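Dear colleague,

I am handing over the structure below, and after it I set out what was found. Please read the notes with the coordinates open beside you.

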Amino acid sequence: MSSLGSTFLLIQQQLTRCVYSSYLTFGIIGCILNIILLNRRPFRTMSCCVYFSVGSVPMLISLLFGTLPHLYALSGINPIITNVTFCRVRFYIVHSMTFMYRWLLAAACFDRYVLTSTNNRLRNLASVRIAYRVIVINSIIWLVLPIQILILFNVRDNKCGIVYDINAALYFSCYVLIFGCCLPITIMIICAMLIHRNLRLKRQRRLELSLHGHNGEQNAEKKRDQQVFAMLLLQAVVFIVTLTPWTILNFYNALTIYITNKSTDRVAIEQFIAYIAEIIIVFFPATSFYVYTMVSKAFRIELKKLFSHLLLIFKCKRHPNRIHALVNVG
């Protein structure tokens with residue numbers, strides 16, 4: 001290993017120790033709270049929240065399989081680049097779960113677009129029943145398509161990937177670039193633009209209705225629409241920003257796939273950039289809960305109610321006699 005490669009390795013170890021441990025801690029807590037809160041009464045009847053709730057499950061799984069092996073490798077043994085079976089299974093799970101929650105987020109964006117549409121037939125698509133059907137289809141697709149990983153991936157020269165077939169590696173880079181990066185980003189951007197247009201039309205209609213004495217009711221509707229759009233916009237921005245480096249990396253890999261005489265330093269630089277891109281991409285599932293909390297007032301209210309309920313249970317367990325006496329007095 002070159003001196004540059006050794007330096008990058010030391011930096012990676014420090015980043016793994018600090019960043020991945022933080023992702024694991026805050027990400028697991030956030031995903032679990034997402035699942036709990038988004039299944040509470042105010043949210044479980046909303047189709048877009050169904051996508052968010054179910055999407056938190058693959059986020060949690062991808063976080064566990066994406067971060068734990070790297071943290072375990074700090075002990076000196078990296079199973080990702082030493083065990084072929086682990087390399088294949090781990091990458092299959094992370095790939096499958098990552099694509100699953102990306103397309104669920106894209107589906108949630110489309111759901112919000114049809115929800116703001118003035119077309120009744122389109123609005124009917126924004127239902128919990130349709131959401132569960134989409135979730136099942138999406139799950140089947142991204143459990144079946146990545147099976148190719150279990151066949152194509154191998155370990156060679158401290159690398160887990162498609163290392164024996166250049167044509168297969170090119171195909172896989174293009175596949176990831178199109179279905180994992182470009183299409184979800186494009187869908188989110190288009191839906192955001194369409195939602196913005198629909199909300200602008202709704203504002204014009206509210207302006208007309210306000211002249212007929214419906215101002216209070218329409219102001220409440222305007223506030224809800226603004227909150228939905230702000231929540232979508234922030235998620236879209238975080239998603240696109242974190243996915244952009246990975247998209248560029250896959251595009252670069254596809255362009256340089258046939259270059260076989262790379263220097264040792266160039267290989268070390270490419271591996272380090274790939275590691276940084278992976279750190280950035282894991283930021284989204286690790287912080288989704290905090291994005292919802294920052295934007296949605298209703299989400300914060302339910303979070304406070306949950307903590308209040310848990311605090312009451314804790315007090316009841318610590319002082320059961322006192323609580324019982326207060327109830328009797330009441």
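Leu152 sits in helix α7, which covers residues 149-152, and in this predicted model the residue is partly exposed, because its relative accessibility of 26% is neither under 20% nor over 50%. Once the neighbours within four places in sequence are set aside, the contacts of Leu152 are with Gly161, Ile162 and Ala168. The C-alpha atoms of Leu152 and Asp165 lie 8.3 Å apart in space, while the two residues are 13 residues apart in sequence.

His95, by contrast in its exposure, belongs to helix α4 and counts as buried, because its relative accessibility of 7% is under the 20% limit. Leaving out neighbours within four places in sequence, His95 touches Pro146, Ile149, Phe172, Tyr175 and Val176. Of these partners, Phe172 and Tyr175 lead on to the aromatic residues, since both names recur in the cluster described next.

On the aromatic side, the structure holds 22 aromatic pairs. One of them is formed by Phe43 and Phe299, whose ring centres are 6.0 Å apart and whose planes meet at 50 degrees, so the pair is classed as tilted. This pair joins distant parts of the chain, given that Phe43 is in helix α2 (residues 41-44) and Phe299 is in helix α11 (residues 297-318), 256 residues apart. Phe43 is buried at a relative accessible area of 6%, and Phe299 is likewise buried, at 0%.

A second pair to look at is Tyr175 with Phe179, where the ring centres are again 6.0 Å apart but the planes stand at 45 degrees, so that this pair too is tilted. Here both residues lie in helix α8 (residues 166-210), and their spacing of four residues is about one turn of the helix. Tyr175 is buried, with a relative accessibility of 6%, whereas Phe179 is partly exposed, with a relative accessible area of 35%. Both residues also belong to one aromatic cluster, in which they are joined by Phe91, Phe99, Trp103, Trp142, Phe153, Tyr171 and Phe172.

Turning to enclosed space, the search found two cavities of 30 Å³ or more. The largest cavity holds about 50 Å³ of space, and its lining is made up of Tyr51, Phe52, Gly55, Met59, Tyr101, Leu104, Leu105 and Tyr292. Two elements, α3 (47-73) and α4 (84-115), give two or more residues to this lining, and α3 is the one that gives the most, with four residues. In character, the lining of the largest cavity comprises seven nonpolar residues and one polar residue, with no charged residue among them.

The second largest cavity holds about 40 Å³ and is lined by Tyr101, Arg102, Phe239, Thr242, Leu243, Ile281 and Phe284. Tyr101 therefore appears in the linings of both cavities, given that a lining residue needs an atom within 4 Å of a point of the cavity. At least two residues of the second lining come from each of α4, α9 (215-255) and α10 (264-295), and α9 gives the most, with three residues. The lining of the second largest cavity divides into five nonpolar residues, one polar residue and one charged residue.

For the chain as a whole, there are twelve helices and two strands. Read from the N terminus, the order of the elements is α-α-α-α-α-α-α-β-β-α-α-α-α-α, so that the strands, by the numbering from the N terminus, come after α7 and before α8. The chain has 330 residues, of which 43% count as buried. Among the contacts with a separation of 6 or more, 79% are between residues 24 or more positions apart. The exposed surface of the chain amounts to about 18,200 Å², and carbon and sulfur atoms supply 67% of that area.

If you have time for a few places only, I would suggest opening the Phe43 and Phe299 pair that links α2 to α11, the aromatic cluster that includes Tyr175 and Phe179, and the lining of the largest cavity, to which α3 gives the most residues.

With best regards

Notes:
Residues numbered from 1 in each chain as written. Predicted model: local features only at pLDDT ≥ 70, side-chain atom pairs only at ≥ 80, totals over all residues. Heavy atoms only, no water. Phe/Tyr/Trp six-rings, centres within 6.5 Å; stacked < 30°, edge-to-face > 60°. Buried < 20%, exposed > 50% of the residue type's maximum accessible area, 1.4 Å probe, protein only. 1 Å grid on protein atoms, 1.4 Å probe; cavity = no way out; pocket = protein on both sides within 12 Å on 5 of 7 lines; lining within 4 Å. Points joined across faces, edges and corners; volume = space filled by probe spheres on them. Nonpolar A, V, L, I, M, F, W, Y, C, P; charged D, E, K, R; others polar. Contact = heavy atoms within 4.5 Å. Areas by Shrake-Rupley, 256 points an atom, 1.4 Å probe, with all protein chains shown as cover.
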